[in-house]
Amino acid sequence: MRIILVGPPGCGKGTQAKLLSKRMKLEHIGTGDLLREAIRNETSVGLRAKPFVEVGNLVPDELVNDLVSERFQRDDRPKTFILDGYPRTLMQAKSLDSVLVLHGLPLTAVVLLDVCDAEIVKRVTGRWSCPKLGCKATFHTLSNPSKIAGICDDCQTVLVQREDDNVETVKSRLTVYHKDTVPLLPYYEQNGLLKSIHGTGDIEQIYQSMVHSLSI
Ligand code: AMP
């Protein structure tokens with residue numbers, strides 16, 4: 001299966017992508033995670049991306065397109081995958097199309113996790129994640145709290161909040177989402193790939209709706 005997960009910031013794409021990747025053995029490619037890691041390691045990509053990520057703007061298309069297409073140029077390119085947070089613009093969707101055509105890897109589906117703006121603003125300040133490489137577990141104070149507040153259930157590392165998870169930045173990320181990413185929906189609908197599911201409620205229920213929409 002080759003899937004794109006799309007939706008507003010904080011809709012649960014990362015959480016659902018991790019579940020799908022683990023249970024269906026798909027490679028999880030999250031451009032937000034890749035960029036945050038590059039920023040932490042102060043690589044040249046990270047230094048270029050940092051000012052955009054900090055204020056909730058999209059990093060330039062070329063930068064993120066290169067990041068993804070490099071992964072597909074390698075001999076160990078994923079044959080099945082879940083893309084989380086990419087593509088986010090029509091330019092990125094077209095770049096991805098050409099990469100996938102080149103390697104004969106057509107998409108199976110594009111899943112929209114639909115959550116309204118008011119709910120996103122309410123949710124985003126409760127997000128916590130484990131910063132440990134190779135763990136990256138995510139929690140939410142309301143819907144998925146860690147057993148001990150502030151501590152990762154899986155590896156006991158102290159949890160952190162993303163710098164861009166504050167109300168002001170999330171409002172600007174929502175504006176960017178509506179302007180740049182929502183136009184992808186008719187694009188994928190035309191190709192018959194779009195499945196839309198409600199992204200509110202219990203994590204497992206949302207996962208089951210997603211699986212159902214993919215007929216697996
Ligand atoms: P995410 O973790 O997916 O919410 O992404 C966090 C931030 O990384 C976004 O607000 C953007 O600044 C940047 N980013 C992630 N993916 C992309 C993308 N496909 N295109 C442009 N910027 C991106």
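The paragraphs below lead through a predicted model, beginning with the strands, passing on to the ligand and ending with the salt bridges and one contact between distant parts of the sequence.

A convenient place to enter the structure is strand S1, which covers residues 2–6 and runs parallel to S4, joined to that strand by 4 bridges. Within this pairing, Ile4 has Val110 of S4 as its bridge partner. Strand S1 is also joined to S3 by 4 bridges, again in the parallel sense, and here the bridge partner of Ile3 is Ile82 of S3. Taken together, these pairings connect S1 with S4 and with S3, and each of those two strands can in turn be followed to a further partner.

From S4, the path continues to strand S7, which spans residues 194–198, runs parallel to S4 and is joined to S4 by 5 bridges. One of the pairs concerned is that of Leu113 with its bridge partner Ile197 in S7. Strand S4 itself, made up of residues 109–114, is mostly covered, since 5 of its 6 residues fall in the buried class, for which the relative accessible area has to be under 20%.

From S3, the path leads to S2, and these strands pair in the parallel sense over 4 bridges, with Asp84 of S3 serving as the bridge partner of Gly30. In a regular strand, side chains alternate between the two faces of the sheet. Strand S3, residues 81–84, can be read with that in mind: Phe81 and Leu83 point one way, Ile82 and Asp84 point the other way, and all are buried. Ile82 is thus the residue of S3 that is bridge partner to Ile3, while Asp84, the bridge partner of Gly30, is a buried residue pointing the same way as Ile82.

The ligand may be considered next. There are 16 residues around the ligand, of which Thr31, Arg36, Asn57, Arg88 and Gln92 come nearest. Sorted by class, this shell holds 6 nonpolar, 5 polar and 5 charged residues, and helix H2, residues 31–40, gives the most to the shell, with 4 residues. Several polar contacts can be located at the level of atoms. A nitrogen atom of the ligand is 2.8 Å from an N or O atom in the side chain of Thr31, whereas the backbone provides the polar atom in the case of Asn57, which is 2.6 Å from an oxygen atom of the ligand. The backbone of Gly85 likewise has a polar atom 2.9 Å from a nitrogen atom of the ligand. As for the ligand's surface, its accessible area on its own is 480 Å², and the protein covers 96% of that area.

Charged pairs within the protein give another view of how its parts are connected. Side chains of opposite charge can pair when their charged atoms come close. The count of salt bridges comes to 13, and one of them joins Arg71 to Glu27, with the closest N and O atoms 2.9 Å apart. Because Arg71 lies in helix H4 (residues 61–73) and Glu27 in strand S2 (residues 27–30), the pair ties together parts that are 44 residues apart in sequence. Arg71 is buried, at a relative accessible area of 12%, whereas Glu27 is partly exposed, at 29%. Arg71 also forms a salt bridge with Asp76, for which the closest N and O atoms are 3.1 Å apart, and Asp76 counts as partly exposed at 45% relative accessibility.

A further salt bridge links Lys179 and Asp180, with their closest N and O atoms 3.1 Å apart. In this pair Lys179 is exposed, with a relative accessible area of 59%, and Asp180 is partly exposed, with a value of 23%. Elsewhere, salt bridges that share partners join Arg127, Arg162, Asp164, Asp165 and Arg173 into one network.

The last stop is Ile203, which is placed in helix H9, residues 203–213, and is partly exposed, with a relative accessible area of 26%. Although Ile203 and Gly12 are 191 residues apart in sequence, the distance between their C-alpha atoms in space is 8.4 Å.

Key: Residues are numbered from 1 along each chain as its sequence is written. This is a predicted model: local features need pLDDT of at least 70, side-chain atom pairs count only at pLDDT 80 or more; totals for chains, interfaces and linings use all residues. Side-chain values use heavy atoms; hydrogens and water are left out. A residue is near a molecule or strand if one of its heavy atoms lies within 4 Å of it. A polar contact is a pair of N or O atoms within 3.5 Å; within protein, one must be able to donate a hydrogen and the other to accept it, and residues adjacent in sequence count only if both atoms are side-chain atoms. Accessible areas come from the Shrake-Rupley method with a 1.4 Å probe; for residues, only the protein chains shown count as cover. Ala, Val, Leu, Ile, Met, Phe, Trp, Tyr, Cys and Pro count as nonpolar, Asp, Glu, Lys and Arg as charged, and the others, Gly among them, as polar. Buried means under 20% relative accessible area, exposed over 50%, partly exposed in between (1.4 Å probe, protein chains only). Two strands pair if DSSP finds at least two bridges between them. A salt bridge is a side-chain nitrogen of Lys or Arg within 4 Å of a carboxyl oxygen of Asp or Glu.
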